[in-house]
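Good morning, everyone, and thank you for making the time. Please take a moment with the sequence and the model before I begin.

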Amino acid sequence: MFLQVVLAERDPHPYYVATAKGSYITDIEGVERIDFANNMASLIHGHSHPAIVEAVTDQLRKGTAFTMGTEAEVDFAELMIARSETFERMRFVNSGTEAVMTMLKTARVYTNRPKIAKAEGAYHGTYDYAELSQTSNPSNWGDINKPNVNRVVDGTPQGVIDDVVVFPFNDIERTLKILDEHAHEIACVLIDPVPHRIGLFPATNEFVEAVYNWTRKNGALMVFDEVVTYRVNYAGAQECYTVKPDLTAIGKMIGGGFPIGALAGKREIMEVLDPRGKILRHPHSGTFSANPISMTAGRVAMELFDEKAVLDLNALTDIAISQITESIKIADVPVSITGEGSMFRLHLQANEPTCYREAYHTDEKKFLIKELLDYLFLKENIIMINTGACMFATTITQKEVDRLSEALLNGFKLIKPKLEKLSHSLV
Ligand SMILES: Cc1ncc(COP(=O)(O)O)c(C=O)c1O
């Protein structure tokens, strides 16, 4: 009853922000909340970081967008190229969606092949080819040996569906069999190394190696979507693997709070985008691409997110995970937690999921996670992502972590009867 009242309070309109600073957001009613969502992982230093505000204000006075280049874009590109060994050349765009789209088109141009292979359930933004099967569900996902390629948006043409191949993440045997069926047509295999929607657990080194070896043998590229996961290590989640991607799409936090995306990778592949080439195979431009505001904010944000900051943030996130694990134990609820680096996700099931189909939110689960998150939002003044995930920022301290684990303990106790009923119904 209490929870139904809580749910009703959030309808029929969303809450609106008045101001935000560090890890705290104040809404237009004057209520202050701790923000663990950080605009879906894009604010690595929380809200209105003083150094970013100062640098951007300075740039605002000098101009915001030009039909000419700026030193701001060169400085930022040089910083990122020095940071990541696989970034030999870079191009900036305005969102993660655009970065992934440009990456897939580049792979097609370079290989002269039409097809894209992607993991079932993986979210890569809203480009037609990248979004297919992102919302597959038990009624349409089909045989795990050959997952169906499902539309997300009505009206997506059949031609798009015909050029996408879907494989089960981290499942080497099935994935290689599926790829083999299209061996001569696949331009690239797209991997998010810690895919949030699949369950926020990492790709195994064996899986990435198997995909990489397959691409070498079959003339395809292996490309990474690190739009979210670049935060995992100083040079991205790709640092964790013995083999490296040919191309990488990044975005979110590298904009320091402003719209951004970027494509980076091997020089010889990126050359298809070079306007100085005799035959320009991939004409590419964008009105606001590499605008000096995003470039300046991004450079300052990435300078601040140095090796020590990355390690400190990951260490604090580990503390949060162990405190929340303790809350789960005390409340004695069937909840598990997955994550990597400065991100984690709760699952309303006793065992950590190992694939998209295990992590899938049924309607009952969706409803229960919403009850938990509404309780946190309305009664504990805590903001999490709607999947039950947190993406930490460097402004979070032990104080906020303590509040989060206490609030979750209260929330777990509150939903415990429904949670137990749900887990019994699944046995
Ligand atoms: C893994 C991943 N790739 C791409 C995107 C798309 O980025 P954007 O929202 O900036 O278009 C997202 C956004 O959430 C993402 O999580």
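Let me start with a question: which residues of β5 point one way, and which the other way? Lys 115, Ala 117 and Ala 119 point one way from β5, Ile 116 and Lys 118 point the other way, and all are buried, where buried means under 20% relative accessible area, exposed over 50% and partly exposed in between, with a 1.4 Å probe and protein chains only.

Before going further, I should say that this is a predicted model, in which local features need pLDDT of at least 70 and side-chain atom pairs count only at pLDDT 80 or more, while totals for chains, interfaces and linings use all residues. Residues are numbered from 1 along each chain as its sequence is written, and side-chain values use heavy atoms, with hydrogens and water left out.

Strand β5 covers residues 115-119, and because five of its five residues are buried, the strand is largely enclosed by the rest of the structure; strands (E, at least two residues) and helices (H or I, at least four) are DSSP runs numbered from the N terminus. β5 pairs with β6, residues 164-167, in the parallel sense over four bridges, pairing being called if DSSP finds at least two bridges between two strands, and here Lys 118 stands opposite Val 166. β5 also pairs with β7 in the parallel sense, over three bridges, and the partner of Ile 116 in β7 is Cys 188.

Staying with β7, the loop between this strand (186-191) and α9 (205-218) holds Ala 203, which is buried at a relative accessible area of 6%. Leaving out residues up to four places away in sequence, Ala 203 touches Phe 169, Asn 170, Pro 193, Val 208 and Tyr 241, contact meaning heavy atoms within 4.5 Å. The C-alpha atoms of Ala 203 and Asn 170 are separated by 5.9 Å, although the two residues are 33 apart along the chain.

Turning to the interior, the largest nonpolar core has 62 residues, and Ile 254, Phe 392, Leu 404 and Phe 412 have the most contacts inside it; such a core is a set of buried Ala, Val, Leu, Ile, Met, Phe, Trp, Tyr and Cys residues joined through side-chain atoms within 4.5 Å. Helix α15 (residues 398-426) gives the largest share of this core, nine residues. A second, separate core has 29 residues, including Val 93, Met 103, Ile 161 and Leu 247.
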